[in-house]
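Hi everyone, thanks for coming. I'd like to walk you through a structure that is new to most of you, so let's get it up on the screen.

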There are 2 protein chains.
Amino acid sequence: MLPADALLLHIGQYIRVSEPLRTALLERVQAASYNKGELLHDARRVCTRSDFIQRGLVRLYYQHDGEKITEYFSAEGEWVNSPNSLVKQTPDIYYLEALEPTQTLSLHMRDLGYLFDNFPEMERYARLSMGSVFGHLMDRITSLRFTSAREKYEHFCRTHHDILHRLPLGMVASYLGITQETLSRIRAAR
Amino acid sequence: MLPADALLLHIGQYIRVSEPLRTALLERVQAASYNKGELLHDARRVCTRSDFIQRGLVRLYYQHDGEKITEYFSAEGEWVNSPNSLVKQTPDIYYLEALEPTQTLSLHMRDLGYLFDNFPEMERYARLSMGSVFGHLMDRITSLRFTSAREKYEHFCRTHHDILHRLPLGMVASYLGITQETLSRIRAAR
DNA sequence: GTGATTATTTGATCTATGTCAAAGAGTAGG
DNA sequence: CCTACTCTTTGACATAGATCAAATAATCAC
């Protein structure tokens, strides 16, 4: 299995990957790796890449009153970037941090532009894959509005079963918008 | 000013609208109008159109424990649809309701498909315009997590200044994820 | 206009979760 | 193996906002 196979598979869920597209992609992706704690992206810079996670775990976070607030977690088979910064080429508030040793395949701005310009199906892929993230964001909003801390945690366990045991409790609490203490008490009472 | 001018303007913010695209669009959009209280879309059906609001005000809501929960408001110059239902062609939980007499230009599924297939720049338009909604959703999540009821309301006043006076209080409260009573008390103390 | 809905306000509780503080557990480096 | 972090748990207390209930006020249909 080529290292890029997972990536092609992901794209293949949304569009047919023609031979020329496949070639163009493979020519342009670049492998990179990060240690635990290293930043894939720093809020003080403009985001110039999108990284596809081959192996590892990443969180998107931002600073709020000196606290690091986790916005979401991404693992194998997902793209990470700072969405607004990437599209508008201006800085934004988000950091990307490797929570484990992480390997990525990345596409630079310029190459993304090339692919979008020359392969209209890549535009479609981007549109459709964004669509699924959309649904998650809307569910998340519902969850923040109407569910108790316990329900939030139980929902998280269901939806993030695979990565739950890889995450420190404090980050999960901040993702859920509750305090670490509350989450600890919830877990105790079971 | 042609009725469709606002629509072309909106698209023109993201891509250049070529003459053939302009023609294709104008041939396919359909005008419709709705009375106050009428549904533009019903959750019991599959969403088959995207509606661009020419005049009026629409809310997206869903049922939760017998309550109608407002997910967002859209006014002149915005697209409304049930995103997931439209893309996946399966039912979803969202209703679209006209809060005022509303005129729309709508594009049917099939025509959207035609435009996406024949005008790659329409894919780009969809991708980029979705991107800006993205940012709003992320801000919304932050607001739900960290701000008091009063701050939520003040933020809403700032960001929805133009439509604030057109909205019943109960819907605003449900949008903000607080109770009507709390919102009423907040407004009293000023 | 008038009666009937529907929306908003006000009041009196109640409770989930936050805050502050400190003690235990785990883990990594020397 | 020990020291120094960092992470997690536990306790006591405070409070924003929910809930329940009822009184006004506004709007709509006839």
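**Two chains on DNA**

Let me begin at one atom pair: a side-chain N or O atom of A:Ser184 sits 3.0 Å from a phosphate oxygen of DNA strand D. Before I go on, please keep in mind that this is a predicted model.

Okay, staying with strand D. Move along to A:Arg185, and you find a polar side-chain atom 2.8 Å from a nitrogen of a base in DNA strand D. Then there's A:Arg187, where a polar side-chain atom is 3.2 Å from a phosphate oxygen of DNA strand D. So which elements give two or more residues to the surface near DNA strand D? From chain A we have helix H8 (169–176) and helix H9 (180–188), and from chain B we have helix H8 (180–188). H9(A) gives the largest share of that surface, with six residues.

Let's zoom out a bit. In total, 18 residues surround DNA strand D, and the closest ones are A:Ser184, A:Arg185, B:Ala149, B:Thr179 and B:Thr182. If you look at the atoms of DNA strand D within 4 Å of the protein, sugar and phosphate make up 58% of them. As for the kinds of residue on the surface near DNA strand D, five are nonpolar, seven polar and six charged.

Now, over to the other strand. What lies around DNA strand C? There are 17 residues, and the nearest are A:Ala149, A:Thr182, B:Leu169, B:Ser184 and B:Arg185. Here, sugar and phosphate account for 54% of the DNA strand C atoms that come within 4 Å of the protein.

A few of these contacts are worth clicking on. A:Ala149 uses its backbone: an N or O atom there is 2.7 Å from a phosphate oxygen of DNA strand C. With A:Thr182 it's the side chain, which places an N or O atom 2.6 Å from a phosphate oxygen of DNA strand C. And B:Arg187 has a polar side-chain atom 3.2 Å from a phosphate oxygen of that strand. The elements with two or more residues on the surface near DNA strand C are H9 of chain A, plus helix H7 (169–176) and H8 of chain B. H8(B) has the largest share on this strand, again six residues. By class, the surface near DNA strand C has five nonpolar, seven polar and five charged residues.

Next, let's see how those helices pack inside each chain. Just as a reminder, two packed helices are described by the angle between their axes and the distance between the axes. In chain A, take helix H6 (residues 149–159) and H9(A): their axes come within 10 Å and cross at roughly 75 degrees. That makes H6(A) and H9(A) roughly perpendicular to each other. On the H6(A) side you have A:Ala149, A:Arg150 and A:Tyr153, and they meet A:Thr182, A:Leu183, A:Ile186 and A:Arg187 in H9(A). Sorted by class, the H6(A)–H9(A) contact has four nonpolar residues, one polar and two charged.

How about chain B? Helix H6 (residues 149–159) of chain B and H8(B) have axes that come within 10 Å and cross at roughly 75 degrees. So H6(B) and H8(B) are roughly perpendicular too. B:Ala149, B:Arg150 and B:Tyr153 from H6(B) make this contact with B:Thr182, B:Leu183, B:Ile186 and B:Arg187 from H8(B).

Last stop: where the two protein chains meet. How much area do chain B and chain A bury between them? About 3,200 Å², with 67% of it on carbon and sulfur atoms. Chain B brings 33 residues to the contact and chain A brings 32. On the chain B side, B:Arg127, B:Met138 and B:Arg145 lose the most area to chain A, and together they cover 23% of what that side buries.

That's my tour, so let's spin the model around and talk.

Methods: Residues numbered from 1 in each chain as written. Chains lettered and ligands numbered in written order. Predicted model: local features only at pLDDT ≥ 70, side-chain atom pairs only at ≥ 80, totals over all residues. Heavy atoms only, no water. Near = heavy atom within 4 Å. Polar contact = N/O pair within 3.5 Å; in protein donor to acceptor, adjacent residues only side chain to side chain. Helix = DSSP H or I, 4+ residues; strand = E, 2+ residues; numbered from the N terminus. Nonpolar A, V, L, I, M, F, W, Y, C, P; charged D, E, K, R; others polar. Axes fitted to C-alpha atoms, helices over the stretch in contact; angles between N-to-C directions. Parallel < 35°, antiparallel > 145°, perpendicular 65-115°, else oblique. Contact = heavy atoms within 4.5 Å. Buried area = accessible area lost by both parts, 1.4 Å probe.
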